[in-house]
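Work through these exercises with the sequence and the 3D view side by side. Try each task before reading its solution.

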Amino acid sequence: MSVILHPYDVRDELEIQKALDFNRRKQLKHVDKVHRAEITNVVELTEQEKLFHIRILDAQERERFSFLPGQFVMVELPGYGEVPISISSSSSQKGHIELCIRKAGLVTGLLHACKPKTPVGLRGPFGTHFPLGKMRGKNVLLIAGGLGLAPLRAPIYYVTENLGEFADAHIIYGAKRPKDLLFDYEYEEWRRIYGVKLDIIVEKPDEKWDGHVGLITQLLDGITFDANDTYAIVCGPPVMFKFVCNRLRDMGIPMQHMFVSLERRMHCGMGKCCRCNIGSTFTCIDGPVFDYWSVLNLKEAI
Amino acid sequence: MLFKVMAKSSFEELVGLLLESNEVIGPRMKTRHPDGKGVHQFLPITAFADMDLDYEKSEYSPKTYFLPFKENLSTYRFQGGDWEQEIKYRIQPRAIVGMRACDINALVKLDKVLLKGDFPSPYYLARRKNTFIIGLDHDPCENGFCASVGSDIVSHGFDLFLTDLGDRYFVAIDSDRGYRVAANVEIRDPTEADNEAYVQTRNRIAKGFKVEVSIRNLPQILDLEFQSPVWKKWGDKCLSCGSCSAVCPTCYCYGVEEKVAMDFSESAKVKRLYSCNLYDFAMVAGGHNFRPSRESRLKYRYYHQHRGFVETYDEPKCVGCNRCGDVCLAGINPPEVITDLEKEAAR
Ligand SMILES: Cc1cc2nc3c(=O)[nH]c(=O)nc-3n(C[C@H](O)[C@H](O)[C@H](O)COP(=O)(O)OP(=O)(O)OC[C@H]3O[C@@H](n4cnc5c(N)ncnc54)[C@H](O)[C@@H]3O)c2cc1C
Ligand code: SF4
Ligand code: SF4
Ligand code: FES
């Protein structure tokens, strides 16, 4: 007589056999299984940034994939690594997502060398989103500095596709030099949309530049709004959103009506690797979108 | 939970039965410290006598059988410019004999993080469910403070938990499979005398703690003392070696790296346990480091153990084993760091 311990195969769990859907966070799933996807289009935006159109190959997985503006995905180049990237496209668009990626290191550098049809792995979406539902009937300020336009483009789409839900929409974008401006081919379209205002500023103009020159906060000087009825989404490096948000606060916008997106090192996107912790907050689960009041209350946030 | 009593000879018989057809892990003495004390590790055994059940605590925690230092998350097989992904989970069962209360409590905490919240981990679940745990109580280890953090008593998270009553064990049974396995040897219901002996033993153990750490106000103190010079004092000593996290039974943070085979036929996505005390823990592309100083990293480790975890789970993450203190070449240990913080806050 001996005692035999029975093998347990986690694949026998009914829950894990259901379709892979990262939006069902509590569900037991193959957390490291990627959606097989491929790059379908590469658009050169600047010297440093490219826009990648990425399509999940399996039709059912593609149909099931949905996200909200502000969320991010983990993009994997098998053999090289996995990086967190905000989704830059419209959340109403089915079929493919668009990622605006800056060449910053190993994986992003390799992505820049990729051509259409390159297979990539995709996990997600992860993280919190900009609470656009809360902003119904209000004015929205959509403010980006530098690469911040990448995460801001999804809420810009949401607002421009649903203008009836908002009062005024004002897009404010600042970059170092004219040649750093992202999505410059889309400004004309945004400008022509009824009810949308667009202002762009650069710090270091070139000979051809005839627009605003200076820091992004300068653009705030000229605007007037009913502070209590205004929400702001501010994307950019910490120094930038700090200056902008403090400015908006002084203009009377409640800090809980301003939303920013934080960046930290990430290795999982699922609250497990701890690399993205700020004090006791997980940027990948509780963020990356936070209201400014919460950011100020996070120890070691900025 | 059921309580039974088992003769010591029956326990030996039970381990023998398990050994016949299963992998069994137990505390083994591998060598001795210079002062003569044994160095114990949880390792595979082939006979009951391989184990030293009277060990104080193992050098490394048995978490390695649940969260291995390196674990393959998935394998990509390359062919013709394309790839296939393969994911494997552990399906082989095994038994671990002789785990202490603190180490089982550590698993219960890991369960909360890895199974009960968002994105439950199938890798951990597979290992957890494939492990049959027989715990064993012991008098307090020399510098442990598990009683101060409420981890000296374990009420679940195991299959069987034994308390030594001299010639017999008082057995707590916490699972159906624990009951079925125990039923292979002679067990009986506890008598009045057994219950009394059990309570006495528990009392003796509870009174045996030499180290006491006051953690009642620690979450608030950590907030108040966020800028405290105490962090610089201890941080300046830290070697940023990460040993503390490696031996800690509840540290679970990790990094991911991809390892390509020499012939480029496949690549493994490997999870490697990390430490928040390592220099590049919070470093991002472009070289910006969110915690560039040793004190900021050390502080973060204490913050996670005693503040962040408390916020979410109403209990500290630390189980008070003091392994991090034992292993630290710089002499950084929770009782002293926490006492310093308390003193600073009281000033
Ligand atoms: C929520 C979120 C959204 C992001 N969105 C965008 C975006 O839309 N466009 C864009 O260009 N970049 C974005 N980033 C930054 C991008 O993830 C990093 O530039 C990228 O990870 C760099 O990886 P690498 O391999 O090229 O660099 P390396 O320096 O070679 O990186 C090595 C490792 O460090 C980790 N890492 C390094 N930097 C970062 C970082 N900043 N954030 C997280 N992990 C990092 C990666 O996981 C990688 O495995 C985002 C980051 C976060 C956290
Ligand atoms: S073991 Fe000690 S020296 Fe090493 S990282 Fe931990 S606290 Fe620092
Ligand atoms: S922090 Fe130190 S004392 Fe606490 S559980 Fe981890 S190793 Fe043990
Ligand atoms: S990215 Fe791993 S915990 Fe947030």
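**Exercise 1. Decide whether F119(B) is buried or exposed, and describe its backbone.**

Solution. This is a predicted model, so every value here is computed from it.
- Step 1: Locate the residue. F119(B) sits in the loop between α2 (101-116) and α3 (122-129) of chain B.
- Step 2: Apply the cut-off. Buried means under 20% relative accessible area. F119(B) has 1% relative accessibility, so it is buried.
- Step 3: Check the backbone. The phi of F119(B) is near 50°, a positive value in a residue other than glycine.
- Step 4: Set that against the general pattern. Most residues other than glycine have a negative phi.

**Exercise 2. Carry out the analysis for S240(B), then find which ligand it helps surround.**

Solution.
- Step 1: S240(B) belongs to the loop between α7 (229-235) and α8 (243-247) of chain B.
- Step 2: Its relative accessibility is 17%, so S240(B) counts as buried.
- Step 3: Phi of S240(B) is positive, near 55°.
- Step 4: S240(B) is one of the residues around ligand 2; others include C238(B), C241(B), C244(B) and C328(B).
- Step 5: Sort that shell by class. It holds 7 nonpolar and 4 polar residues, and no charged ones.

**Exercise 3. Explain why the site of ligand 1 is shared between chains, and describe its shell.**

Solution.
- Step 1: Count the neighbours. Ligand 1 has 23 residues around it, and the closest are P84(A), R102(A), T108(A), E263(A) and A285(B).
- Step 2: Read the chain letters. The site is shared because residues from chains A and B surround ligand 1.
- Step 3: Find the elements. In chain A, β4 (81-86), β5 (97-102) and α3 (106-112) each give at least two residues to the shell. The largest share, 5 residues, comes from β4(A).
- Step 4: Sort by class. The shell has 14 nonpolar, 4 polar and 5 charged residues.
- Step 5: List backbone contacts to oxygen atoms of ligand 1. A backbone N or O atom of L106(A) lies 2.9 Å from one. For V107(A), the distance is 2.9 Å. For E82(A), it is 3.4 Å.
- Step 6: Gauge the cover. Ligand 1 taken alone exposes 830 Å², and the protein buries 88% of that.

**Exercise 4. Trace how strand β9 of chain A pairs with β8(A) and β10(A).**

Solution.
- Step 1: Start with β8 (residues 169-175). It runs parallel to β9(A), joined by 7 bridges. A175(A) stands opposite V202(A).
- Step 2: Follow the chain between them. From β8(A) it passes through helix α5 (residues 187-192) to β9(A), in a right-handed β-α-β crossover.
- Step 3: Move to β10 (residues 212-213). It pairs with β9(A) in the parallel sense over 2 bridges. Here V213(A) is the bridge partner of V202(A).
- Step 4: Check the cover. In β9 (residues 196-202), 6 of the 7 residues are buried.

**Exercise 5. Where do the cis bonds G124(A) to P125(A) and G287(A) to P288(A) lie?**

Solution.
- Step 1: Recall the general case. Most peptide bonds are trans.
- Step 2: Take G124(A) to P125(A). This bond is cis, with omega near 10°. P125(A) lies in strand β6 (residues 119-126) of chain A.
- Step 3: Take G287(A) to P288(A). The bond is cis, and omega is about 10°. P288(A) lies in the loop between β14 (281-282) and β15 (289-291) of chain A.

Conventions. Residues are numbered from 1 along each chain as its sequence is written. Chains are lettered from A and ligands numbered from 1 in the order in which they are written. This is a predicted model: local features need pLDDT of at least 70, side-chain atom pairs count only at pLDDT 80 or more; totals for chains, interfaces and linings use all residues. Side-chain values use heavy atoms; hydrogens and water are left out. Buried means under 20% relative accessible area, exposed over 50%, partly exposed in between (1.4 Å probe, protein chains only). Helices (H or I, at least four residues) and strands (E, at least two) are DSSP runs, numbered from the N terminus. Two strands pair if DSSP finds at least two bridges between them. A crossover is right-handed if, with the strands pointing away from the viewer, the path from the first strand over the helix to the second runs clockwise. A residue is near a molecule or strand if one of its heavy atoms lies within 4 Å of it. A polar contact is a pair of N or O atoms within 3.5 Å; within protein, one must be able to donate a hydrogen and the other to accept it, and residues adjacent in sequence count only if both atoms are side-chain atoms. Accessible areas come from the Shrake-Rupley method with a 1.4 Å probe; for residues, only the protein chains shown count as cover. Ala, Val, Leu, Ile, Met, Phe, Trp, Tyr, Cys and Pro count as nonpolar, Asp, Glu, Lys and Arg as charged, and the others, Gly among them, as polar.
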